[in-house]
Structure formats: C-alpha cells, structure tokens
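Work through the exercises below with the sequence and the model at hand. Each task is followed by a worked solution.

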Amino acid sequence: MTNEEKAARLPAGWGWPGASRKAHYFAEGASTSLCHGWAFTGSRFDEHDANSDNCKDCARRVLRLRPNGEPSP
C-alpha cells in the first residue's frame, strides 16, 4: 500500500500527536492538522469540538467545515 493510499483512508477527526499538549483536527485524508502545525496518522475521533483540550486554531477552523457551523456534541 502506497503512502497516498494510506492517506486516503484516514478519517476526519481530532487526534493527539505524540508531543502535542492539545488535540488537533485533521481533515479526511489529510495528515497535517488544520492549524498546519502537526502531522499525524494515528487514530482520530470526530466529536467534542468544544473540548478545552483542543487546539483553539483547529477548533475555530473546524467550525467552518461543519454544515451548520455548530460544534459536534
């Protein structure tokens, strides 16, 4: 499996890169966070947009991606 094929299988969601103090949001198929500060290919979850442990820049940008502009529960 090529790197492009692996990246295409990555779901959108919040992930915790190893050295990060905050969770960062990654778009579907992307290995770089919305704030462009982190790369991550581990497990992700697409909930809790308003969690205080989330990167503030990613949280602001993910709201623009949501259809109704509201955070996920």
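Buried here means under 20% relative accessible area, exposed means over 50%, and partly exposed covers the range in between. The model is predicted.

**Exercise 1.** Determine which residues of helix H2 are buried and how they are arranged around the helix axis.

Solution.
- Step 1. Helix H2 spans residues 56–65, and Cys58, Ala59 and Val62 are buried in this helix.
- Step 2. Viewed down the axis of H2, the buried residues fall within an arc of 100°, so they line one face of the helix.
- Step 3. Lys56 and Arg64, on the other side of H2, are exposed.
- Step 4. The packing partners of the buried residues of H2 are strand E1 (13–15) and strand E2 (24–26).

**Exercise 2.** Find the salt bridges that Asp57 forms with Arg60 and with Arg61, and place these residues in the helix.

Solution.
- Step 1. A salt bridge requires a side-chain nitrogen of Lys or Arg within 4 Å of a carboxyl oxygen of Asp or Glu.
- Step 2. Between Asp57 and Arg60 the closest N and O atoms are 2.9 Å apart, and the pair forms a salt bridge.
- Step 3. Between Asp57 and Arg61 the closest N and O atoms are 3.1 Å apart, and this pair also forms a salt bridge.
- Step 4. Asp57 and Arg60 both belong to helix H2 and are three residues apart, about one turn of the helix.
- Step 5. Asp57 and Arg61 are four residues apart in helix H2, so about one helical turn separates them.
- Step 6. The relative accessible area of Asp57 is 22%, so Asp57 is partly exposed. Arg60 is partly exposed at 47%, and Arg61 is partly exposed at 28%.

**Exercise 3.** Which parts of the chain does the salt bridge between Arg66 and Asp46 tie together?

Solution.
- Step 1. The side chains of Arg66 and Asp46 meet in a salt bridge with an N to O distance of 2.7 Å.
- Step 2. Arg66 lies in the segment after H2, whereas Asp46 lies in the loop between E2 and H2, so the pair ties together parts that are 20 residues apart in sequence.
- Step 3. Arg66 has 16% relative accessibility and therefore counts as buried. Asp46, at 36% relative accessibility, counts as partly exposed.
- Step 4. Asp46 and Arg66 are linked with Asp49 in a network of salt bridges.

**Exercise 4.** How many salt bridges does a search of the whole structure find?

Solution. The search finds four salt bridges. Among them are the bridge between Arg66 and Asp46 and the bridge between Asp57 and Arg60.

Technical notes:
Residues numbered from 1 in each chain as written. Predicted model: local features only at pLDDT ≥ 70, side-chain atom pairs only at ≥ 80, totals over all residues. Heavy atoms only, no water. Buried < 20%, exposed > 50% of the residue type's maximum accessible area, 1.4 Å probe, protein only. Helix = DSSP H or I, 4+ residues; strand = E, 2+ residues; numbered from the N terminus. Arc of directions from axis to C-beta. Contact = heavy atoms within 4.5 Å.
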